[in-house]
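Please work through the following exercises with the sequence and the coordinates open beside you, and try each task before reading its solution.

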Amino acid sequence: MIYFLENDFMKISIDTHGAELSSIYNKKSGKDMLWHGDSAFWGRKSPVLFPVVGKYKNCKTTYNGKEYSLGQHGFARDSEFTLIEESDSKLSFELTSNEKTLEVYPFNFRLVCSFELVDNRIIVGWDVKNTDNKTIYFSIGAHPAFYCEKSKTVLSMNGEKLQYSLVNSDGLYTPEKYDVENSFVLHDNIFDKDALIIENSNVTEVSLVDNDKKYLTMKFTAPLFGIWSPTKKNAPFVCIEPWYGRCDGADFCGDITEREWGNSLGVNENWYKEYEIVIYE
């Protein structure tokens with residue numbers, strides 16, 4: 001089911017399937033800001049990545065000696081959420097563990113994804129609660145895709161002395177670092193080797209700029225983020241992805257409790273983070 005929020009600046013929609021932000025219409029510019037999900041390029045729009053960001057090595061992990069298999073980016077994006085809060089400016093959707101999730105992820109949890117309109121900002125919140133009788137381990141991330149004409153669009157970051165890493169052909173993190181400017185044109189060749197992964201950065205804002213005019217900004221406090229577009233099809237969008245976690249490294253040999261950038265929660269504890277999408281005229 002699709003739900004809508006609207007104010008003087010924009011109208012957005014959220015799908016209960018995956019609690020996925022499905023559209024952002026900028027009333028001031030008359031433009032759609034969020035990719036519409038054409039599967040010829042990429043069939044998603046803004047999936048939530050939970051309980052894993054990226055891939056487990058060999059698509060498997062272990063916990064207490066038992067092996068669990070889970071595909072890239074986890075199951076939340078393909079799960080049906082339940083609406084639990086609705087007002088003129090905010091919607092919240094809930095996903096809880098069940099027999100099916102426990103087969104691939106050995107923890108009981110409650111995940112609430114919220115969406116709030118405040119003037120020209122969309123505030124997206126993630127609230128994870130441990131409903132198990134033991135510590136749980138998880139990663140979570142965003143993957144929104146924004147329209148852009150790459151040859152004319154500059155991606156601008158507010159950090160300095162930035163470096164990125166890449167993934168290998170198996171979708172696993174490689175530790176080599178490469179320098180990157182804090183502003184660059186989004187030509188397709190940038191993504192020839194998949195996503196750019198920027199860790200340990202002082203970046204809190206990433207903006208898209210056209211004709212020297214900023215038209216969208218992502219604000220976040222995540223410790224790492226990815227920038228991605230499927231270049232071989234010359235896709236007319238770019239994804240800006242704040243992450244609390246990432247794929248396993250190519251040389252990773254640990255279990256789920258040892259994953260780099262992962263998060264843990266004690267019994268009955270909550271974990272809350274948010275990011276903002278700011279649109280301009």
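The exercises below concern a predicted model, and each task is followed by a solution in steps.

**Exercise 1. An aspartate in a loop**

Determine where Asp8 is placed, whether Asp8 counts as buried or exposed, and which residues Asp8 is in contact with, leaving aside its neighbours within four places in sequence.

Solution. Begin with the secondary structure: Asp8 is found in the loop that runs between β1 (2-6) and β2 (10-15). Next, take the accessibility, for which the exposed class begins over 50%; because its relative accessibility is 62%, Asp8 counts as exposed. Then turn to the contacts, where, once the neighbours within four places in sequence are set aside, Asp8 touches Lys27 and Lys28. As a last step, compare two points in space: Asn211 is 203 residues away from Asp8 along the chain, and their C-alpha atoms lie 25 Å apart.

**Exercise 2. Enclosed space**

Find how many cavities of 30 Å³ or more there are, and describe the lining of the largest cavity and of the second largest cavity.

Solution. The count gives 2 cavities of 30 Å³ or more. The largest cavity holds about 50 Å³ of space, and its lining includes Phe115, Val124, Trp126 and Tyr275. Two or more lining residues come from each of β11 (121-130) and β13 (140-142). When the lining of the largest cavity is sorted by class, 9 residues are nonpolar and 2 are polar, with no charged residue.

For the second largest cavity, the space comes to about 40 Å³. Its lining is formed by Pro51, Tyr56, Tyr137, Phe138, Ser139, Ile256, Arg259 and Gly262. By class, this lining contains 5 nonpolar, 2 polar and 1 charged residues, and the charged one is Arg259.

**Exercise 3. Cysteines and disulfides**

State how many disulfides the structure holds, and explain why Cys247 is without a bond to the closest cysteine sulfur.

Solution. The structure holds 0 disulfides. Cys239 takes part in none, the nearest cysteine sulfur being that of Cys148 at 9.4 Å. For Cys247, the cut-off to apply is that the two sulfur atoms must be within 2.5 Å; because the closest cysteine sulfur, in Cys59, is 11 Å away, the separation is too far for a bond. Finally, consider burial, which requires a relative accessible area under 20%: Cys239 is buried, with a value of 0%, and Cys247 is buried as well, with a value of 7%.

Methods: Residues are numbered from 1 along each chain as its sequence is written. This is a predicted model: local features need pLDDT of at least 70, side-chain atom pairs count only at pLDDT 80 or more; totals for chains, interfaces and linings use all residues. Side-chain values use heavy atoms; hydrogens and water are left out. Helices (H or I, at least four residues) and strands (E, at least two) are DSSP runs, numbered from the N terminus. Buried means under 20% relative accessible area, exposed over 50%, partly exposed in between (1.4 Å probe, protein chains only). Contact means heavy atoms within 4.5 Å. On a 1 Å grid over the protein atoms alone, a cavity is a set of points where a 1.4 Å probe fits but cannot get out, and a pocket is an open set with protein on both sides within 12 Å along at least five of seven lines; lining residues have an atom within 4 Å of a point. Grid points are joined across faces, edges and corners, and a volume is the space filled by probe spheres set on the points.
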